[in-house]
Structure formats: C-alpha cells, structure tokens
Amino acid sequence: MSVNKLERWYNLNFEKRLKGRRILFVDIDPLILSLSSKFKKEILGYSENNIPIYKISVGTGKVKILTWSQMHGNESTGTKALFDLFHFFEDDSVEIKKITELILSNCTLEFIVLLNPDGAIQFTRENAIKIDLNRDAVAQKAIESRLLRSTLENLNPKFCFNLHDQRSIFNVKGSQNPATISFLAPSEDIQRTLTTGRKQTMSVIVAMNSFLQQIIPNHIGRYTDEFYPTATGDNFQKLGHNTILIEAGHFKNDYERDITRKFNFYALLKGLFYIATSKNYINYKPYFNIPNNEKKFLDIIYKNVTIKENNIEHTKDIGIQYRFKVENNKLIRYKHIEKTGDLTNYYTYNYVNKENLKLKDLKLSNS
C-alpha cells in the first residue's frame with residue numbers, strides 16, 4: 001500500500017474517540033467491547049486497584065507476536081495507535097484485506113492494551129504501589145508484571161512490541177528535529193552482544209525506519225542500547241523473544257501526541273507486515289545508520305533573561321520543558337526549568353527573546 005493511500009485511509013478511519021495524553025480504562029473499555037467477533041477479548045486479570053486488564057487476540061498464523069502498551073501509565077500514544085490498528089484489521093475493503101489477510105494468516109497477534117491502568121489515572125510511570133513495571137521484569141513484585149510474564153510464557157512469541165513514550169527533550173543526533181519516533185533492539189548482556197535474536201529485531205526496525213523516513217524524514221532516532229538487568233525488553237530479548245521497543249516522541253505543535261500516534265501506527269503496521277512476509281531477518285546492518293537520540297530539544301528557550309545571583313545581575317538563557325500532572329481529575333501542563341546558561345547548542349520550535357526581563361517575571365513553577 002502506498003504512503004499516500006495509507007495516509008488517506010488513516011485520516012478517515014483512525015479511532016477518533018481516543019485523543020489527548022491521558023488515556024484511561026474507561027476510555028478504552030467500550031471500544032474493546034465494540035470490536036467485532038474477528039477479535040477474541042479476554043480479561044487477563046486486574047490491576048493493584050482492581051481495574052480489568054484486557055488481552056485482545058486476532059490471527060491464526062504460526063508466527064506469534066505479543067504487543068503491550070502503557071506499562072507506564074503516562075505513556076499512552078501506543079494505546080491510541082493500537083486502536084487505530086484494530087480499525088485497520090476491521091476494514092473489509094479489498095485493498096486493506098489483502099494486507100490484513102497476509103498478516104493474520106501468517107501471524108497470531110496478542111495485545112495487552114493499557115497494562116498499567118492505575119498509573120494512567122494518576123498519569124505516572126509507576127503503578128499503584130509505586131513500582132515501575134519496566135524495571136520489574138526480574139522481581140515481578142507487581143500484579144501487572146506477573147500478568148505480562150504469564151502471557152509471554154503462554155504465547156511463547158517470536159516477536160514482541162513494547163510501546164512507550166519518550167520526553168520531548170530528545171532530538172535526532174545531527175539534526176534540530178525532535179525524535180518523533182525512536183527504536184531500540186534491546187541488549188541481552190552488558191557487552192551488548194550482537195546475537196542472532198538482536199539481528200532479527202534490528203531487521204524489523206530497519207523495515208519500519210525505511211517506511212517512516214518516507215513520511216517524516218530525519219525525525220527518527222535510535223534509543224540507547226545500554227543493558228538494564230531488570231528491564232522488560234532486555235530480559236524478554238534474553239529469553240529468546242525478539243523485542244522491538246518503540247518510543248513515541250514529540251512532533252511540532254503536538255503536545256497531545258495525536259499526530260505522533262499516526263506514525264506509531266504506521267511503524268506497527270509495517271513491522272507486522274514485514275514479519276508476516278519475511279522468510280529471513282538478515283538485513284540488520286542499516287540499523288546502525290539510524291542516528292542516536294540526543295537530549296538537546298527544549299519546548300521553549302527564553303533568551304537573555306536577567307538573573308540575579310549573589311547580588312549581581314547577568315543574563316542567561318532559560319530552557320523550558322513541559323511537564324504534566326493531574327489536578328481535579330484533569331491533566332495539567334506546566335512549564336519546568338530544564339536548563340539554564342548558554343543554550344546556543346539546544347533546539348526548539350519556540351525561541352522567545354526576553355531581554356531586560358527578570359526570571360521572576362516569567363512566573364515559572366518547578367513543582
């Protein structure tokens with residue numbers, strides 16, 4: 001399917017009932033129940049606060065693939081993209097069916113949508129008992145971590161997609177662009193050994209990157225492959241389940257991540273199609289040509305702000321990163337001072353000259 005045709009399909013058919021950064025169980029529950037009989041819907045279990053956690057299954061093929069979203073409650077872009085993908089699988093038009101039938105006849109897909117519903121309510125990474133599920137793969141102290149692991153063991157997937165969001169501070173190295181999508185083939189050990197499994201994972205990422213470069217060139221980065229002994233992706237990769245990490249990031253004027261979700265959907269669809277139609281996974285070397293992420297993008301840069309230190313006034317640049325918190329059951333965005341000093345080597349879409357303005361006049365909060 002051409003990029004232009006896919007763009008047209010998406011603009012007409014994405015899941016319009018999901019929008020914004022804070023996606024809760026009450027938002028997705030009616031959408032899950034309305035899915036057709038093509039999908040099997042099952043409650044895997046319940047969160048620490050007794051909210052249902054669903055698994056959705058579709059397809060009959062030999063290649064098994066497990067995907068989960070929102071293991072960090074405040075990272076919802078992947079959840080929105082999954083429901084866009086479900087719409088794609090529901091489409092019975094001739095052109096779409098050619099694609100979906102290839103995927104679903106060759107693959108069995110299982111999706112855990114919103115693994116951390118308690119964290120979603122508070123818009124936090126952690127679950128209700130303050131555990132980061134992405135660092136709980138070994139200890140498995142959280143109910144949600146155990147549900148994910150039992151699903152992995154029952155399905156025994158060849159591939160996994162681990163869907164996250166990254167902060168807007170990430171840019172593509174060598175570019176002023178934010179890293180709108182970043183990929184990672186997790187390491188299996190501290191030496192970052194290039195195992196057969198990692199090569200296969202990288203090959204899928206190469207296909208997804210090639211497709212996205214046609215749509216958002218120079219907005220795709222590569223996340224650090226430093227080994228984290230307790231991380232989910234690293235451990236699943238080590239267990240023989242090729243795990244593709246997708247980090248959804250910033251796009252211009254898209255603080256709700258309602259544009260980025262489209263690119264997340266494209267990446268997922270391309271990845272699934274590549275897995276469904278590939279007989280081998282040997283095209284891994286271009287993975288290393290994907291630029292690394294850097295932390296040089298800021299939401300606002302205030303230039304030449306007057307700061308008084310030790311009774312001496314001088315000027316500095318102030319770099320702002322937006323942060324989010326829940327107040328009165330609403331998600332609030334506020335400005336946080338991320339960097340100060342000479343920010344000449346940092347990037348933003350929003351430069352503001354504040355010459356002769358004092359820091360206190362900016363009325364910033366770091367709470």
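Let me start with the surroundings of Phe39 in this predicted model, where, once neighbours within four places in sequence are set aside, the residues in contact with Phe39 are Ile56, Ser57, Val58, Phe86, Phe89 and Glu90. Phe39 sits in the loop between α2, residues 25-33, and β1, residues 40-46, and with a relative accessible area of 4% it is buried. Ser37 belongs to the loop between α2 and β1 as well, but Ser37 is exposed, at a relative accessible area of 78%. Glu90, which I have just listed as a contact of Phe39, lies 53 residues from Ser37 in sequence and 9.9 Å from it in space, taken from C-alpha to C-alpha. For Phe39 and Arg167 the corresponding values are 128 residues in sequence and 33 Å in space, again C-alpha to C-alpha.

Arg167 brings me to the largest pocket, since Arg167 is one of the residues that lie nearest its centre, together with Glu75, Arg125, Asp165 and Gln166. The volume of this pocket comes to about 880 Å³, and its lining is made up of 40 residues. Which elements supply at least two residues each to that lining? They are the strands β5 (159-165), β9 (242-248), β12 (312-327) and β13 (330-341), along with the helix α8 (232-238). Of the contributions to this lining, the largest share is that of β12, with four residues. If we sort the lining residues by class, we find twelve nonpolar, 14 polar and 14 charged.

The second largest pocket has a volume of about 150 Å³, and the residues that line it are Met1, Leu6, Ile99, Phe211, Tyr266, Leu269, Lys270 and Phe273. Helix α9, which spans residues 260-277, provides the largest share of this lining, namely four residues. In terms of class, seven of the lining residues are nonpolar and one is charged, while none is polar.

Turning from pockets to enclosed space, how many cavities of 30 Å³ or more does a search of the whole structure find? The search finds one, and the volume of this largest cavity is about 50 Å³. It is lined by Met71, Leu133, Asp136, Ala137, Gln140, Ser145, Leu148, Arg149, Thr232 and Phe236. Both α6, residues 143-155, and α8 supply at least two residues of that lining, and the helix that gives the most is α6, with three. The classes here are five nonpolar, three polar and two charged residues. Helix α8 therefore appears in two of the linings I have described, that of the largest pocket and that of the largest cavity, if we read the definition of helices consistently. Next, Thr201, whose place is in helix α7, residues 196-213, and which is buried, with a relative accessible area of 0%. Its side chain is joined to the side chain of Gln237 by a polar contact of 3.2 Å. Beyond its neighbours within four places in sequence, Thr201 is in contact with Ala185, Gln237, Asn242, Thr243 and Ile244.

Now to the cysteines, where the count of disulfides comes to zero. Why do Cys107 and Cys160 not form a bond with each other? The sulfur of Cys107 has its closest cysteine sulfur in Cys160, and because the separation is 13 Å, the two are too far apart for a bond. Taken from the other side, the sulfur closest to that of Cys160 is the one in Cys107, also at 13 Å. As for accessibility, Cys107 counts as buried at 0%, and Cys160 is likewise buried, with a relative accessible area of 0%.

Finally, a point on backbone geometry, for which it helps to recall that most residues other than glycine have a negative phi. Phe123, although not a glycine, has a positive phi of about 55°, and it is found in the loop between α5 (117-122) and α6. Asn329, which is not a glycine either, has a positive phi of about 65°, and its place is the loop between β12 and β13. Are these residues buried or exposed? Phe123 counts as buried, at 7% relative accessibility, whereas Asn329, at 54%, counts as exposed.

Notes:
Residues are numbered from 1 along each chain as its sequence is written. This is a predicted model: local features need pLDDT of at least 70, side-chain atom pairs count only at pLDDT 80 or more; totals for chains, interfaces and linings use all residues. Side-chain values use heavy atoms; hydrogens and water are left out. On a 1 Å grid over the protein atoms alone, a cavity is a set of points where a 1.4 Å probe fits but cannot get out, and a pocket is an open set with protein on both sides within 12 Å along at least five of seven lines; lining residues have an atom within 4 Å of a point. Grid points are joined across faces, edges and corners, and a volume is the space filled by probe spheres set on the points. Ala, Val, Leu, Ile, Met, Phe, Trp, Tyr, Cys and Pro count as nonpolar, Asp, Glu, Lys and Arg as charged, and the others, Gly among them, as polar. A disulfide is a pair of cysteine sulfur atoms within 2.5 Å. Buried means under 20% relative accessible area, exposed over 50%, partly exposed in between (1.4 Å probe, protein chains only). A polar contact is a pair of N or O atoms within 3.5 Å; within protein, one must be able to donate a hydrogen and the other to accept it, and residues adjacent in sequence count only if both atoms are side-chain atoms. Contact means heavy atoms within 4.5 Å.
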